[in-house]
Structures are given as structure tokens and as C-alpha cells.
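Colleague: Could you take a close look at one helix for me and walk me through how it sits in the fold? I'd like to hear about its two sides and its surroundings.

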Amino acid sequence: MEKIIILDFGSQVTQVIGRRVRELNVYCEIYPFNKIPEITPEIKGVILSGSPYSVRDKNAPQIDLKKLVGNIPVLAICYGAQYIAHTFGGSVESSQTREYGRAELTIIENNERIFEGIPKTSEVWMSHGDSITQLPTNAKLIASTPNVINAAYKIEEDNIYALQFHPEVFHSAYGGEMIKNFVHLICNCSADWTTESFIESTVKSIKNELKDDKVILGLSGGVDSTVAAVLINKAIGNNLHCIFVDNGLLRKDEFTSVIEQYKNMGLNVIGVDASKKFLTALKGVTDPEEKRKAIGKTFIEVFEEQAKKITNAKWLAQGTIYPDVIESNSVKGPSATIKSHHNVGGLPEKMNLKIIEPLRSLFKDEVRKTGIALGIRKELIARHPFPGPGLGIRVLGEVTEEKLNILKEADAIYINLMKGWETTLPAASNGFSDKTQKGDKISLYDAIWQAGAIILPVKSVGVMGDERTYEYTIALRAVTSNDGMTADWVQLPYDFLAKVSNEIINKVKGVNRVCYDISSKPPATIEWE
Ligand code: XMP
């Protein structure tokens, strides 16, 4: 399969380059700069990313350009452009001409393929301290901004295109066109990487590899495990054995409704009610990390017990997706933030299982598109993220059945009202709303990245009828975000908040107060624990 390789020098936006290339229906892979793959004939071009480093730093990332240059077209972005200039005899200096933010690019060479179809002047996004003050002698200047003369250059004989600005970011008005020109015109990639082609080739390769083998997969109700299951099921049918554990920490009625949907999709799924076991493990535990450990450990025990019943299983399937793969193989080394809740500990080694991860090349939005193309209902695909430890970390302090039940009721009221409330806010980046035009009405739920209720471990005084009450407080959380790393609270409409508060206090026994969390991340986090 044709592909583009992106070499990551540690930029914050390297994944965005990958997304842009994929949007052009061209497959691409991101590698840390120090792990350049062998340049095989399927690789049609290389993109060098930006970096937080200066090429003049002693510990600046270095690559062996000989492996690439001359063999294959190269698009060098920001640090990449400076690195090429610096290595090939130009100069890069820290100067007064540093630029951050929008700049007006003027194309000097009209006939450059990289600029085909792009107006002579257009807006681009700059973010650099150093500037290229002198180009290599064999380079040709092709575009400038008022502050940065060497904004884009080309080295004809080596098929290198270098851009000081960031074409991958949204603010570069024709950046997407430039990337398109690079992959389609310069690298000659055909646009044949589509959801349908992905499904077809993946199903085929799973069939070939697994033949009549049995596979075990843990379903969580989340998007990734669901899509992975449906994809594998399409290839091997009932040889895929899914296990869905009810830890008692899911949202109200979630276990029954989701397992019903799984069965309707034709999945061979066993539901395991282990809620009592989880509550027992959580008894007396108040520290958030201890709670996570207790929940994780119990999950592994329950899962393993079930998995053992599936005799002769050879594989364990996981819903790992591309950002997890990049993260664990990144320039900075494996990150502490990587999700571990799908990872069932040492089970693969213990049971001698091989791992299969059919979504490991997909970004989250591609997983959603694949899910829709596989016929999975939108309700399952467009769900908010939900933490592995579930409501266990939204019942602050010790988790008791009483508090858990109160929270489930309050959370259900909040989320259901949110699903029924219309708004003209833009759709959340994790959502899968088909209505994305500005001004279109979508549900408040689809406009929000993540929302949920939290029960606080304090009681406060209230009055209901003629009686004094002394009951729990529910906190509501709703945030916008792109990746969960940073987040901001949503300015929910007052009349919506009023309705939610009213319904919760009137209908949920044990609650006499509702608050809304107006903290951003950082310094707060999305979850309270
Ligand atoms: P925080 O609270 O760290 O959350 O701002 C960021 C995102 O991660 C989710 N989250 C978790 N997911 N296991 C998970 O699978 C966890 O222990 C966990 N803690 C937080 C959180 O819901 C949000 O989407």
C-alpha cells in the first residue's frame, strides 16, 4: 500500500499533519525522527515535522538525510525546513525577524507544483524563534512573508520543498492545498485510502491470519472496543468471543442497554455481572489512585476467569488506536498518560495469547467513520469519553451502593436532558454530528466533549416542604476539549442548568443541592478524582 512517512521532531502538531494526509485519502505513518524506517517502494514521500528545538541547540534532533534526500520527495515543515537549510550550507539564526501567528505569504514562483491552485497571497501560520537567514546555494526561494524572506524554498535536484510556516494548522488558509499538492502532484499518491478500503483489506487480512482461531475481546461500551469487535466479527464471526464486564460503575441502565445492542449487532458476547465484587473491593477505599488500582485488579480477575472458560483461544484482541501507538513510541518516550484500562495486565503471557489490534493504524475520527460504515448505531459511536474506573471516581471518597445509586439517577437526568436540548453551538471535536454547519441545531450533548455528574462526600442543610433536610450535593461537569489534555468548562445555558437542577432535586432522593463546576484544565482536571 502506498504511504507517506512523517518524521516527528517532537512538534505538538505532528499528529495534525498525519490527519491532513489521511483526509486526502492517502495512508501515512508517523515515526520518531530517530527511528526512520527503511525507504521501501511503497513509501512515496517524507514529511519532516516542526520541533520545540532550535537547529543550533547542542541536543537538537538530528537525522541522516542521506537516507532520504534524492531518493524520495521531501516536504520539510518549520524545524524541518531549518534543518535542511542548516545541514546543506545555509544559515539559521535567532534574529529579530521571529514570527508567531498569522502572516501573509506571497508566492514568488508561480509555476511551483506545491503552490498549484493557490492565490498569489494568502494567510499562513508561523511559529518559530529562529529564521533561515541564508538558503543553501542550490535552493530556490519560492515564497516570502513581510517579516520572513525565506518562508518557502525548493531544492530542485533533491525534490525537497521546505516551508517555514505550518501548512497543517487550520489558520494556514491554503495549507491543506499545499499538503494535497505535495502528496498528490509531487509524490503521485492515488487517493485510495478510504474507510471502505480499510475495512475490506483489514477483514481480508484478519481472515488470512486468524483462519479458524478463537479470539477473546473485552468490550467496554466505548467506541474503540466496539468497532474492533464488529470488524473482527465481520472477518471470523462467532470465533470472536466478547466479554463485557458489569463493574456496577457504569451509567444507569448502561450495561443492559449496551449488551442488548451488542447482541443485535450479531456479536457473540457474554455479559458478566460482577458489580458486587467491585463494590466489595472498593469498601473502605477513599484514595483516588487506590480506587483505580482496586477497580483495575478486580477487572483483571473477573476477565481472566471468564477468558479461561473459552477453551483453545489463541488471540486477545484490543481496541488500541493510532495515538496510543504513536504515544508509546514517541520522541519523548512512552508517556505516563497512556490509557491502560483496556490493557488486561499480564493476561496475554499467562494464557499464551497473541495480540491482535485491528485499529492500531487509525485516528479516533477514522475509528468513528469505520464504525458508522460498519453499521454501528450513532448512539454508540458519538458517545462522550468515559473513564475506565467509571462512576467509581465520580463518587468522591468511599464508594457505597447508596451514593452510587444517587449518582446514577442524577447523572441520567443530566445526560438525558442534555441529549434532548437543542443548541446552535458547534459540534464537539469528538462527536459525530452530521450537522456541522455553523448555525445548525444539534443536541447540547453533541456540542460537548465530555459531561457527567459527581456526588460530593459532604452533606449540607436544605429545606423541603416544611422540613429541614441534610443531604448530598451533586456537582455537574461539562467540558470542551480536543484530546482531554486541556479542557474548558462549557457555558451551559442558564435555563438548561435551571431545569437540570430542578429535576435532580425534585426527583433524586438524597440530594438537596446542585452545583456547576466552572474550572478549566489546567489547573483543575476533568474528573474530580
Ligand atoms: P483528567 O481527569 O485527567 O481526565 O483531566 C482526562 C480524560 O481521561 C479520562 N480519565 C480516565 N480514563 N482511566 C481512564 O480510562 C482513568 O483512570 C481515567 N482518569 C481520567 C477522563 O474521563 C477524561 O476523558
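Modeller: Lys276 and Thr280 are exposed on one side of H7, the helix that spans residues 275-282. Keep in mind that this is a predicted model. Over on the other side, Ser275, Phe278 and Leu282 are buried. Those three cover an arc of only 65° around the axis, so they end up on the same side of H7. As for what covers the buried residues of H7, that includes strand S11 (240-246), strand S12 (269-273) and helix H8.

H8, residues 288-309, deserves its own look. H7 and H8 pack with their axes 9 Å apart, at an angle of about 145°, and H7 passes H8 in a right-handed crossing. From the H7 side, the residues that meet H8 are Lys277, Phe278, Ala281 and Leu282. Their partners in H8 are Lys291, Ala294, Ile295, Thr298, Phe299, Glu301, Val302 and Glu305. Sorted by class, this contact has seven nonpolar, one polar and four charged residues. Notice that Phe278 and Leu282 turn up twice: both are buried, and both are among the H7 residues that meet H8. Lys277 and Ala281 also take part in that contact.

One last thing, about what comes after the helix: H7 is followed by glycine 284, and the phi of this glycine is positive, near 75°.

Notes
Residues numbered from 1 in each chain as written. Predicted model: local features only at pLDDT ≥ 70, side-chain atom pairs only at ≥ 80, totals over all residues. Heavy atoms only, no water. Axes fitted to C-alpha atoms, helices over the stretch in contact; angles between N-to-C directions. Helix = DSSP H or I, 4+ residues; strand = E, 2+ residues; numbered from the N terminus. Left-handed = near helix turned anticlockwise from the far one by under 90°. Contact = heavy atoms within 4.5 Å. Nonpolar A, V, L, I, M, F, W, Y, C, P; charged D, E, K, R; others polar. Buried < 20%, exposed > 50% of the residue type's maximum accessible area, 1.4 Å probe, protein only. Arc of directions from axis to C-beta.
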